[in-house]
Amino acid sequence: MRMDRTQGFLNPERETRSWDEQLAGMEAELGKLLPHAYANAPAVRAKFDAVGAAPQDIRTVGDLARVPVTSKMELVELQKKDPPFGGLLAVPLKEIAHVFQSPGPIYDPIARGEGWGFEEAYYAAGFRPGDLVVNTFGYQVTPGGMMFDDSLLKAGCAVVPMGGGERETQVEILRRLPVAGYLGMASFLMQIAEKAREIGLDPRRDFSLEVAWSIAEPLPPSLRQAVEDTFGCLCRQGYGTADVGCIGFECFHLGGWHLTSRAIVEIVDPTDGRPLAPGEIGEVVVTLLSHAYPLIRFGTGDLSALDPGACACGRRSPKLRGWLGRADQLVKVKGQFVHPGQLQGALKDFPEVRRFRAVVTREGSRDVLAVRVDAQPDDALKARLEERLREVLRIGATVVWAAPAQLPEDGKILEDARTWE
């Protein structure tokens with residue numbers, strides 16, 4: 001008989017507190033972290049000094065807006081100028097357990113006793129203490145394999161350190177061992193299923209998989225459904241980076257990503273770091289509450305939005321709306337940010353639209369957004385498309401019929417053609 005994997009918490013007291021209580025806890029930790037970071041991490045001190053701020057000035061999460069966002073590219077440059085950790089290490093090297101390299105390159109130190117904080121994400125997804133889990137991320141100088149392994153062990157699971165090995169080996173492990181959990185990319189799990197069928201196995205009947213957790217790639221509803229139908233399991237996803245670890249995660253009830261309880265997550269205007277209101281799309285910025293490697297307002301470069309309100313699972317923090325693209329692809333039109341992903345989301349339910357390209361121009365002092373659409377001209381369809389675009393983008397857009405030859409084959413769906421005098 002299968003256990004219930006749809007409810008419960010790894011740390012009920014911590015995870016079910018009201019959002020005000022969670023903020024108060026984060027601010028208390030921030031009050032301890034900032035003086036330590038200022039005193040021991042030269043790069044943190046330089047950032048504060050550059051804007052005339054002192055640790056005691058930052059008393060609330062809102063006060064963090066006084067500190068400039070540190071982008072990934074800036075982190076790369078800091079480490080080049082002050083190797084190996086860019087002046088951000090705030091403890092002696094003897095307190096570090098591992099050093100990993102992530103793309104950039106960026107060197108990520110992890111202190112003894114610290115980790116990446118995915119434990120609560122795994123429990124929310126359905127993993128339980130005692131589960132045997134295959135981890136298909138690589139155990140190498142990049143942190144993926146060890147990052148997830150560490151959190152699985154802290155969640156009480158046993159781990160098969162598979163890495164991304166041959167599909168035949170993956171099939172053999174899933175067939176021979178009582179593996180209840182899979183951790184990796186959902187697309188790779190479907191490749192494993194394909195290999196299993198090639199040798200006459202039924203993934204649902206011949207494997208004991210009950211929960212799959214996907215990260216590092218988009219998980220559209222169609223792929224999630226394929227995994228769940230193929231293996232008869234739950235499939236959930238998480239979100240994080242090598243630099244800060246867990247940022248958000250899904251629970252059984254879906255509807256967005258719960259915020260991690262180990263870091264402060266903001267949504268900010270990518271142009272100036274100003275915090276945005278709930279529902280507004282902006283860059284995901286994370287303050288890692290780590291005394292060893294304190295990343296204060298680290299800009300992930302990813303776009304999302306915060307949706308307030310409690311979830312049916314009992315967690316009461318806001319949720320990230322999901323991954324909505326990259327900040328470097330944003331175009332500001334009529335005071336609102338527009339992203340290619342928003343356009344795709346707005347038009348995906350219109351099978352009549354074969355291809356499209358949105359072009360921003362400027363008439364006098366006014367921005368004009370035209371969406372050139374390859375479809376059979378139809379007034380009713382035009383009205384429906386413009387209404388949907390207005391709903392999603394919150395600004396007006398004009399639909400213009402275009403022949404295929406008028407839509408270049410360069411993959412671009414949002415073009416800024418404005419000129420500025």
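1. Helices (H or I, at least four residues) and strands (E, at least two) are taken here as DSSP runs, numbered from the N terminus. On that basis, Phe-127 falls in the loop that runs between helix H5 (119–125) and strand S4. The model under discussion is a predicted one, and the points below should be read accordingly.

2. Overall form. The protein contains 12 helices and 21 strands. A compact globule of 421 residues would have a radius of gyration near 22 Å, and the value for this protein, 23 Å, agrees with that expectation. The C-alpha trace spans about 65 × 60 × 40 Å along its principal axes.

3. Burial, surface and contacts. Of the 421 residues, 52% are buried. The exposed area of the protein is about 19,000 Å², and carbon and sulfur atoms contribute 52% of that area. Among contacts with a separation of 6 or more, 63% join residues that are 24 or more positions apart.

4. The largest nonpolar core. This core has 39 residues, and the members that touch the most others are Ile-247, Val-284, Leu-295 and Leu-320. At least two residues apiece come from helix H2 (19–40), helix H3 (42–50), helix H4 (72–81), strand S10 (257–259), strand S11 (263–268) and strand S12 (282–288). H2 gives the largest share, five residues.

5. Leu-295 within that core. Which residues does Leu-295 contact, leaving aside its neighbours within four places in sequence? The partners are Leu-75, Leu-88, Asp-243, Val-244, Val-286, Thr-287 and Leu-288. A further core lies apart from the one just described; it has 27 residues, including Tyr-122, Leu-152, Trp-213 and Leu-234.

6. A four-stranded sheet. Four strands form an open sheet in the order S1-S13-S12-S11, and their pairing is mixed. Strand S1 (70–71) and S11 are the edge strands, each pairing on one side only. In general, strands of a sheet pair through backbone hydrogen bonds, either parallel or antiparallel.

7. Strand S12 and its two partners. S12 pairs with S11 in the antiparallel sense over six bridges, and Val-265 stands opposite Val-286 of S12. S12 also pairs with strand S13 (residues 298–304), again in the antiparallel sense, over four bridges; here Val-285 stands opposite Gly-299 of S13. Is S12 enclosed by the rest of the structure or open to its surroundings? Seven of its seven residues are buried, so S12 is largely enclosed.

8. Phe-127. With a relative accessibility of 1%, Phe-127 counts as buried, because the cut-off for burial is under 20%. Setting aside neighbours within four places in sequence, the contacts of Phe-127 are with Arg-5, Tyr-122, Val-133, Leu-152, Cys-157, Gly-181, Tyr-182, Val-211 and Trp-213. Among these partners, Tyr-122, Leu-152 and Trp-213 belong to the core of 27 residues. Phe-127 and Tyr-182 are 55 residues apart in sequence, with their C-alpha atoms 9.4 Å apart in space.

9. Thr-136. This residue is placed in the loop between strand S4 (132–135) and helix H6 (144–154). Is Thr-136 buried or exposed? Its relative accessibility is 9%, and Thr-136 therefore counts as buried. A polar atom of the Thr-136 side chain lies 2.9 Å from the backbone oxygen of Leu-183. Not counting residues up to four places away in sequence, Thr-136 touches Gly-163, Gly-164, Gln-170, Tyr-182, Leu-183, Gly-184, Met-185 and Phe-188. Tyr-182 is thus a partner of Thr-136 and is also in contact with Phe-127.

10. Glu-27. Glu-27 is located in helix H2, the helix that supplies five residues to the core of point 4. At 23% relative accessibility, Glu-27 counts as partly exposed, because the value falls between the 20% and 50% cut-offs. Which residues are in contact with Glu-27, leaving aside its neighbours within four places in sequence? They are Arg-59, Thr-60 and Val-61. In addition, the C-alpha atoms of Glu-27 and Ile-58 are 9.0 Å apart in space, the two residues being 31 residues apart in sequence.

Key: Residues are numbered from 1 along each chain as its sequence is written. This is a predicted model: local features need pLDDT of at least 70, side-chain atom pairs count only at pLDDT 80 or more; totals for chains, interfaces and linings use all residues. Side-chain values use heavy atoms; hydrogens and water are left out. A nonpolar core is a set of buried Ala, Val, Leu, Ile, Met, Phe, Trp, Tyr and Cys residues joined through side-chain atoms within 4.5 Å. Buried means under 20% relative accessible area, exposed over 50%, partly exposed in between (1.4 Å probe, protein chains only). Contact means heavy atoms within 4.5 Å. Two strands pair if DSSP finds at least two bridges between them. The radius of gyration is taken over C-alpha atoms; the globule rule is 2.2 Å times the number of residues to the power 0.38. Accessible areas come from the Shrake-Rupley method with a 1.4 Å probe; for residues, only the protein chains shown count as cover. A polar contact is a pair of N or O atoms within 3.5 Å; within protein, one must be able to donate a hydrogen and the other to accept it, and residues adjacent in sequence count only if both atoms are side-chain atoms.
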